[in-house]
Amino acid sequence: MEIRDLTSDDLDAVLDSRRRAFGPLSGDSARTWRELVSPMLPEGRYLGAFDGTRLLGAARINPYVQWWHGRPQPMGGVAGVTVAPEDRGRGVGRALMEAVIERCAVLGQAVSALYPATTPLYRSVGYEHAGVFQRITVPTEALRTVGDPGGAVKLRRMGLSDAAELVALIARVHAASRASGPLCMDERTWRLWLEDDDDFCYLAEDGFVVYRWRNGDIEVDNLVAGSEATARTLWSMVGSASSVAKSVTACVGPDDPMLWMLRERSKDEVAHTRWMFRLVDLPAAVEARGFPAGVSVEVPVEVTDSHRPGNTGEWLLRVDGGSGTATRLDAARGEGSRLSIGGMSALFAGVSTATLRRAGLLAGGSPEADDALDSAFGCAAYMIDYF
Ligand SMILES: CC(C)(COP(=O)(O)OP(=O)(O)OC[C@H]1O[C@@H](n2cnc3c(N)ncnc32)[C@H](O)[C@@H]1OP(=O)(O)O)[C@@H](O)C(=O)NCCC(=O)NCCS
């Protein structure tokens with residue numbers, strides 16, 4: 001088996017593999033997929049496993065930016081992992097994922113995330129369950145009435161030329177809200193969504209919405225708002241469909257402010273999907289992460305990573321003034337909190353030490369060290385984009 005970069009000549013075979021893995025693909029969807037992935041080929045973001053000229057499997061690394069406590073860093077969003085049905089169960093998927101992780105490092109992506117259709121494959125190469133992607137369903141009428149009494153927020157329809165402004169807006173809002181977990185696609189991917197006639201996209205100074213009809217109801221793909229007035233304006237515009245649509249299903253974070261604006265809220269109707277996360281380059285990822293400004297801690301940790309030995313060893317995690325570092329401890333002390341790279345990745349993504357310890361992902365250390373780690377890394381990480 002050989003793993004190499006895919007070229008445009010391979011795309012028919014990859015499409016065939018996708019159909020066999022995920023089901024039929026309409027002509028339109030196949031065209032959009034080609035447009036989406038073609039620019040990634042020369043960038044080394046689509047890998048294929050081959051037996052001679054025959055494609056066994058493929059995996060893609062989307063170029064995303066992800067925010068951690070309001071600070072952006074490049075993230076490799078792994079998608080389209082497929083192995084031909086007749087070649088499954090023989091290690092192709094794992095070999096592809098090992099190559100994907102190495103490629104993320106080459107591409108300068110110190111962190112990587114993915115939505116797993118199955119856990120063991122990804123866990124075996126160091127990914128661990130991290131944040132949440134949730135879809136909440138609310139009555140359309142409940143949104144119609146959250147409107148901004150001031151009515152001063154101006155909305156305009158977004159077009160292809162707005163992609164750059166949109167990307168900048170998303171960065172401003174996630175930084176200001178010190179968000180953990182959400183991602184932003186690059187401009188060229190945004191342009192693909194912005195040209196879809198069935199998606200309705202509106203922009204404000206500090207917010208935007210992308211929504212569409214689905215089976216007579218409304219589906220909100222993205223709604224990001226930097227202020228109460230903008231949130232009320234965008235949600236109530238979506239809610240203005242209440243004469244026709246009974247419900248709105250929206251991809252929002254678990255603490256989206258909209259949920260605090262509803263007049264009535266008792267039982268949430270929510271569907272959760274989890275995403276997995278991996279540190280590709282531990283020190284680089286810690287240095288690029290944002291941390292709460294008031295936290296100042298130093299904790300030794302011992303990490304094992306059988307796939308990327310550069311992450312293995314004893315590290316001193318230092319967080320101060322909103323920034324962090326991981327410095328290798330040359331003289332082994334053996335007193336740090338012990339984590340596999342999966343456990344360390346989950347910790348970085350905000351999973352509590354109490355959970356990690358009782359799940360067998362954290363050992364050693366002390367209750368004081370656990371508290372220090374929680375105060376630095378603890379967060380309710382979320383995404384509002386599925387990929
Ligand atoms: C999931 C998929 C990529 C795995 O590829 P593969 O080449 O069969 O995987 P490998 O042989 O390298 O197996 C790696 C590990 O994952 C496990 N695994 C593979 N497929 C699995 C499945 N469907 N359910 C549970 N575990 C699975 C294997 O048992 C193995 O673990 P083990 O060594 O502990 O036994 C392949 O089955 C596939 O293309 N499925 C359809 C599309 C899909 O689900 N893609 C994933 C999208 S996130």
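In this predicted model, helix α6 passes α7 in a right-handed crossing. The two axes, α6 running over residues 163-176 and α7 over residues 187-194, come within 9 Å and cross at roughly 115°. Angles from 65 to 115 degrees count as roughly perpendicular, and α6 and α7 are therefore roughly perpendicular to each other.

As for who meets whom at this crossing, α6 brings Ala 163, Ala 164, Leu 166 and Val 167, and α7 answers with Glu 187, Trp 190, Arg 191 and Leu 194. Sorted by class, the contact of α6 with α7 holds six nonpolar and two charged residues, with no polar ones. The charged pair is Glu 187 and Arg 191, both contributed by α7.

Stepping back to the whole protein, the chain splits into three pieces: domain 1 covers 2-126, domain 2 covers 134-273 and domain 3 covers 281-378. Taken over C-alpha atoms, the centres of domain 1 and domain 3 sit 29 Å apart. These two domains do touch, with 13 residues of domain 1 and 14 residues of domain 3 taking part in the contact. On the domain 1 side, β4 and α3 each put in at least two residues, and the largest share, three residues, comes from α3. That side of domain 1 breaks down into six nonpolar, four polar and three charged residues.

Then there is the ligand. A shell of 17 residues surrounds the ligand, and the closest are Arg 88, Gly 93, Arg 94, Ala 117 and Leu 121. Three elements give two or more residues to this shell, namely β4 (71-83), α3 (92-106) and α4 (119-123). Gly 93 and Arg 94 fall within the bounds of α3, and Leu 121 within those of α4. By class, the shell comes out as eight nonpolar, six polar and three charged residues.

Put side by side, the ligand shell and the domain contact draw on some shared elements. Both β4 and α3 give two or more residues to the shell around the ligand, and β4 and α3 also each supply at least two residues to the side of domain 1 that touches domain 3.

Technical notes. Residues numbered from 1 in each chain as written. Predicted model: local features only at pLDDT ≥ 70, side-chain atom pairs only at ≥ 80, totals over all residues. Near = placed C-beta within 6 Å. Helix = DSSP H or I, 4+ residues; strand = E, 2+ residues; numbered from the N terminus. Domains from an automatic or database assignment. Contact = placed C-beta atoms within 7 Å. Axes fitted to C-alpha atoms, helices over the stretch in contact; angles between N-to-C directions. Parallel < 35°, antiparallel > 145°, perpendicular 65-115°, else oblique. Left-handed = near helix turned anticlockwise from the far one by under 90°.
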